[in-house]
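Load the model and get your selection tool ready. We'll hop from one spot to the next, and at each stop I'll tell you what to pick.

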Amino acid sequence: MSMNWITLRVRDLEASLHFYNRILGLPIERRFESSGKQIVMLGLEGQPKIELIQGSDPALKPECGVSVGFEVESLDEAMESLKSQGIPVARGPIAPNPHLRFFYILDPDGFEVQLAEHN
């Protein structure tokens, strides 16, 4: 068994698409409509995808404890890049052990996105 995607129901599809595609750099795999809802699949070939579905109210509230995590090569470079784009660090950086550091930012709907560096 392997993971296919994580679905996020978002209020503003274009704002979320800008965040995940332009700011975080996830490529758009496809964009389509189903049952009257706009859907975008983002991610790299062979890896789990982020599925954004336009909706009036997210099915999960940001405080539900769910976060989406990504691996980065350099945590410091990621923090600088996001800062230059006006994206503040919500929590961190945190180093729970000598081999892992991470921090959190918030997507347009307030969901936590973790960026982590393993070494």
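Start by selecting Glu14: with a relative accessible area of 46%, Glu14 is partly exposed (buried means under 20% relative accessible area, exposed over 50%, partly exposed in between, with a 1.4 Å probe and protein chains only). Now add Arg31, whose side chain meets that of Glu14 in a salt bridge at 2.3 Å, N to O (a salt bridge is a side-chain nitrogen of Lys or Arg within 4 Å of a carboxyl oxygen of Asp or Glu). Arg31 sits in strand β2 (residues 28–34) and Glu14 in helix α1, so the pair ties together parts 17 residues apart in sequence. Arg31 is partly exposed too, at 40%. Helices (H or I, at least four residues) and strands (E, at least two) are DSSP runs, numbered from the N terminus.

A word on what you're looking at: this is a predicted model, where local features need pLDDT of at least 70 and side-chain atom pairs count only at pLDDT 80 or more, while totals for chains, interfaces and linings use all residues. Residues are numbered from 1 along each chain as its sequence is written, and side-chain values use heavy atoms, with hydrogens and water left out. The chain averages a pLDDT of 90, and 92% of the residues score at least 70 (pLDDT is the predictor's confidence in each residue, from 0 to 100).

Stay on α1 (13–23) and pick Asp12. Asp12 caps the N-terminal end of α1, with a side-chain oxygen 3.1 Å from the backbone nitrogen of Glu14. Which residues of α1 are buried? Select Leu13, Ser16, Leu17, Phe19, Tyr20 and Ile23. After the helix comes Gly25, with a positive phi near 85°.

Next, go to Glu29 and Lys49, whose side chains form a salt bridge (3.7 Å, N to O). This one links distant parts of the chain, Glu29 in β2 and Lys49 in strand β4 (residues 49–54), 20 residues apart. Add Arg30 to the selection: salt bridges that share partners join Glu29, Arg30 and Lys49 into one network. Glu29 is partly exposed at 39%, whereas Lys49 is buried at 8%.

Then select Arg11 and Asp109, a salt bridge with the closest N and O atoms 3.5 Å apart. Arg11 lies in the loop between β1 and α1 and Asp109 in the loop between β7 and β8, so the pair ties together parts 98 residues apart in sequence. The structure holds 7 salt bridges.

In that β7–β8 loop, click Asp107. Asp107 is buried yet has no salt bridge; Arg11, the nearest side chain of opposite charge, is 8.0 Å away (Lys and Arg count as positive, Asp and Glu as negative; His and the chain ends are not counted). What does the side chain of Asp107 make a polar contact with? The side chain of Tyr20, at 2.8 Å (a polar contact is a pair of N or O atoms within 3.5 Å; within protein, one must be able to donate a hydrogen and the other to accept it, and residues adjacent in sequence count only if both atoms are side-chain atoms).

Last stop: helix α2 (residues 75–84), where Leu75, Ala78 and Leu82 are buried. Looking down the axis of α2, these buried residues fall within an arc of 60°, so they line one face of the helix (the arc is that of the directions from the helix axis to the C-beta atoms). Rotate to the face turned away, and you'll find the exposed Glu77, Glu80, Lys83 and Ser84. Finish on Gly86, just after α2, with a positive phi of about 80°.

How values were computed: Contact means heavy atoms within 4.5 Å.
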